[in-house]
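Work through the exercises below in order. Try each task before you read its solution.

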Amino acid sequence: MALSLNACILLLKEHHLLKSSAVQNDLNTDMTGIAYDSRKVSGPSLFFCKGEKFRPIYLSMAKDNGAITYVAEKPYVEGNGMNALIVVNVTKAMAILAAAFYDYPQDDMTVIAYTGTKGKTTSAYFTYGILNQAHPKHVALLSTIERIVGPNADQRFPSTLTTPESLDLFHEMREAVDNGMTHLVMEVSSQAYLRNRVFGLTYDVGFFLNITPDHIGRNEHPSFANYLHNKMQVLVNARKVVINAETEHFAEVYAAATTTTYPESIYLFASAGFKPAQADLDIDFRYESLSSDTSRSQFKLVPVTDKAAALNVGGQYKLALIGDFNESNATAAIIGAGLAGVDASKAVPGIENVKIPGRMEHVALPGHGTVYVDFAHNYGSLKALLHFLRAEYPKHKLNVVIGAPGDKGISRRPDFAKVLDEYADTAYLTTDDPGYEDPAAICAEIQAAMKNPAVKVETILDRETAIQAALAAADDTTVTAVVAKGEERRQLVRGLRQPYVGDMPAVQHYAEQLKVGE
Ligand SMILES: CC(=O)N[C@H]1[C@@H](OP(=O)(O)OP(=O)(O)OC[C@H]2O[C@@H](n3ccc(=O)[nH]c3=O)[C@H](O)[C@@H]2O)O[C@H](CO)[C@@H](O)[C@@H]1O[C@H](C)C(=O)N[C@@H](C)C(=O)N[C@H](CCC(=O)O)C(=O)O
Ligand SMILES: Nc1ncnc2c1ncn2[C@@H]1O[C@H](COP(=O)(O)OP(=O)(O)OP(=O)(O)O)[C@@H](O)[C@H]1O
């Protein structure tokens, strides 16, 4: 891969990003590398000076490693002797130039993108399952959990961000195309738009699942309005759009979609009984629960409009992932697959056995009831989860092991308290990524916000010990929900990732101890 100096200048001008340039080399000079991390520069490269913790010495290091051109929002003396492209916005410039450097991989795949406060990962995995049924070994996935850029085991690796930096994103997309992938399913976080990680990227299908206040605060969004604005960008940048008509702020979301997409290419879905506020809008798809038990759910998807019927995805579906909210996620995934040309004959078997690490994983422990491990970690998702468990197990006690993170999402503390007040019998408060805060103080804040005296509270800071204590206290009439960490295997403490055994392994350790004690 290569990009010439001239192409960089033209692209930046075309996007009104270039403030000034100082050119040392011939304009036809090619750069064969591209990086925003000086440690990753090798050979004649293009280097981006970006980031809150950027230090000019990184530019010197990049130059020493072979970078010949730098892109920055201001000139640096450390870049003397290099070509300097001074831009209005470096992260936008990086997205535009990275797409060009990797030769627009998005044009060689069908790209399906999900946004929403909750359900992105689940819907993405459901879509991946269906598309894989139709196009085995040709589907890529960029999710919060993992990235899959090819059919082999070494083309699958864990994620650090939900949506990576633009440069990494276009690189991964290029790898996927070169590995023969024809479809890509990806999650798009609101941070991705806030930080221009997907600037200029157009999706074939863009989803808006739902929005509730989250990710607002230092290092995240300054306000809910900003969060909503960034989430809606997925719709503005998609050729076809699918919206959950039951989302909060539907009117604004729909209006955003129509600014770039004709209503004929906008699909709406909702549960069977839902009545939209805008009565003149047709709901294209309705879904309805048929039956569910504690390990499978079954629902019906009904195309209502002609354009919905044309996708041939109506029918009865089974899911291995229970929870009524997952029927909504599955509906989205099935419509997405339909828009990618895959009908019910593949969607029904494709979605049936999809399971996702840390999402509604459950196990029965004889003598100690049933345990659920789930990634619910904000108000909406915790409420949805506990509401569902209460309805499934009306006569059981519902005990919850939970902690809230430090340094971010401060509103989760009173929010968790509210949901625990409403649904829990006992709350085991514990540690979850305390960062620079004291985990005991975080638990105390949750407890202080709880108002229902009928809910018992125990604080046990060591997370595995808290899980064990909850399970030891449980009997066959108890459901224990271990929540908010999902499949994560680390605790973020004072800037470090400390290893953590994981919630389900902690439950399994307890189950093994029970067997030994028998
Ligand atoms: C607030 C935020 O999003 N920050 C991200 C951003 O940081 P930044 O641009 O400020 O860069 P920085 O880490 O300060 O580093 C400065 C620069 O110096 C460079 N460097 C550094 C050392 C060196 O020797 N040489 C060198 O060149 C680095 O490569 C970097 O480019 O770019 C970094 C990658 O370059 C990201 O790792 C980092 O994500 C942080 C860790 C993060 O946690 N972000 C969260 C909030 C996030 O994005 N979450 C969303 C999901 C949220 C949701 O669920 O909706 C996500 O998409 O994952
Ligand atoms: N449609 C939904 N509505 C409400 N809650 C949901 C929905 N889908 C999933 N959840 C809950 O949210 C949790 C996280 O789900 P998922 O990982 O699919 O969402 P996400 O959007 O990727 O989340 P995050 O951005 O936090 O990574 C699940 O474990 C479940 O408890």
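Helices (H or I, at least four residues) and strands (E, at least two) are DSSP runs, numbered from the N terminus. The model is predicted: local features need pLDDT of at least 70, side-chain atom pairs count only at pLDDT 80 or more, and totals for chains, interfaces and linings use all residues. Residues are numbered from 1 along each chain as its sequence is written, while chains are lettered from A and ligands numbered from 1 in the order in which they are written.

**Exercise 1. Describe the protein chain as a whole.**

Step 1. Count the elements. The protein chain has 16 helices and 26 strands.

Step 2. Judge the compactness. The radius of gyration is taken over C-alpha atoms, and the globule rule is 2.2 Å times the number of residues to the power 0.38. The rule gives 24 Å for 518 residues, and the radius of gyration of the protein chain is 24 Å, so the chain is as compact as a globular protein of that length.

Step 3. Find the box. Along the principal axes, the C-alpha atoms fill roughly 75 × 55 × 40 Å.

**Exercise 2. Split the chain into domains and examine the contact between domain 1 and domain 2.**

Step 1. Read the bounds, which come from an automatic or database domain assignment. They are domain 1 (3-101), domain 2 (109-352) and domain 3 (361-517).

Step 2. Take the centres over C-alpha atoms. Those of domain 1 and domain 2 are 34 Å apart.

Step 3. Count the contact residues (C-beta atoms, placed from the backbone, within 7 Å). Domain 1 gives 10 residues and domain 2 gives 10 residues.

Step 4. Look at the side of domain 1. Helix 3 supplies the largest share there, 7 residues.

Step 5. Sort that side by class. Ala, Val, Leu, Ile, Met, Phe, Trp, Tyr, Cys and Pro count as nonpolar, Asp, Glu, Lys and Arg as charged, and the others, Gly among them, as polar. The side of domain 1 that touches domain 2 has 7 nonpolar, 2 polar and 1 charged residues.

**Exercise 3. Trace the open sheet of 5 strands.**

Step 1. Write the order. It is 2-7-6-5-4, with mixed pairing. Two strands pair if DSSP finds at least two bridges between them.

Step 2. Find the edges. Strand 2 (18-22) and strand 4 (33-35) each have a single partner strand, so one side of each is left without a neighbour in the sheet.

Step 3. Check the twist. Axes are lines fitted to C-alpha atoms, for helices over the stretch in contact, and angles run from 0 to 180 degrees between N-to-C directions. With direction ignored, neighbouring strands of this sheet are turned by 15 degrees against each other on average.

Step 4. Inspect one pair. Strand 5 (residues 45-48) and strand 6 (residues 67-72) run parallel, joined by 4 bridges. Serine 45 faces alanine 67 of strand 6 from the opposite position.

Step 5. Add the helix. Helix 3 (residues 90-101) packs on the sheet and touches strand 4, strand 5, strand 6 and strand 7 (83-87). The direction of helix 3 makes about 135 degrees with that of strand 6.

**Exercise 4. Trace the open sheet of 6 strands.**

Step 1. Write the order. It is 19-20-24-21-22-23, and the pairing is mixed.

Step 2. Find the edges. Strand 19 (361-364) and strand 23 (456-459) each pair on one side only.

Step 3. Inspect one pair. Strand 21 (residues 397-402) and strand 22 (residues 426-429) are parallel, with 4 bridges. Valine 401 stands opposite tyrosine 428 in strand 22.

Step 4. Add the helix. Helix 15 (residues 463-473) packs on this sheet, and strand 21 is among the strands touched. The directions of helix 15 and strand 21 make about 170 degrees.

**Exercise 5. Characterise the shells around ligand 1 and ligand 2.**

Step 1. Apply the cut-off: a residue is near a molecule or strand if its C-beta atom, placed from the backbone, lies within 6 Å of it.

Step 2. Take ligand 1. Of its 22 residues, Asp37, Gly51, Lys53, Leu161 and Ser189 come nearest. The classes are 5 nonpolar, 9 polar and 8 charged residues. Domain 1 and domain 2 both give residues to this shell, so ligand 1 lies between them.

Step 3. Take ligand 2. Of its 21 residues, Gly119, Thr121, Thr122, Ala376 and Ser381 come nearest. Helix 12 gives the largest share, 4 residues. Domain 2 and domain 3 each provide at least three residues.

Definitions and conventions. Two residues are in contact if their C-beta atoms, placed from the backbone, lie within 7 Å.
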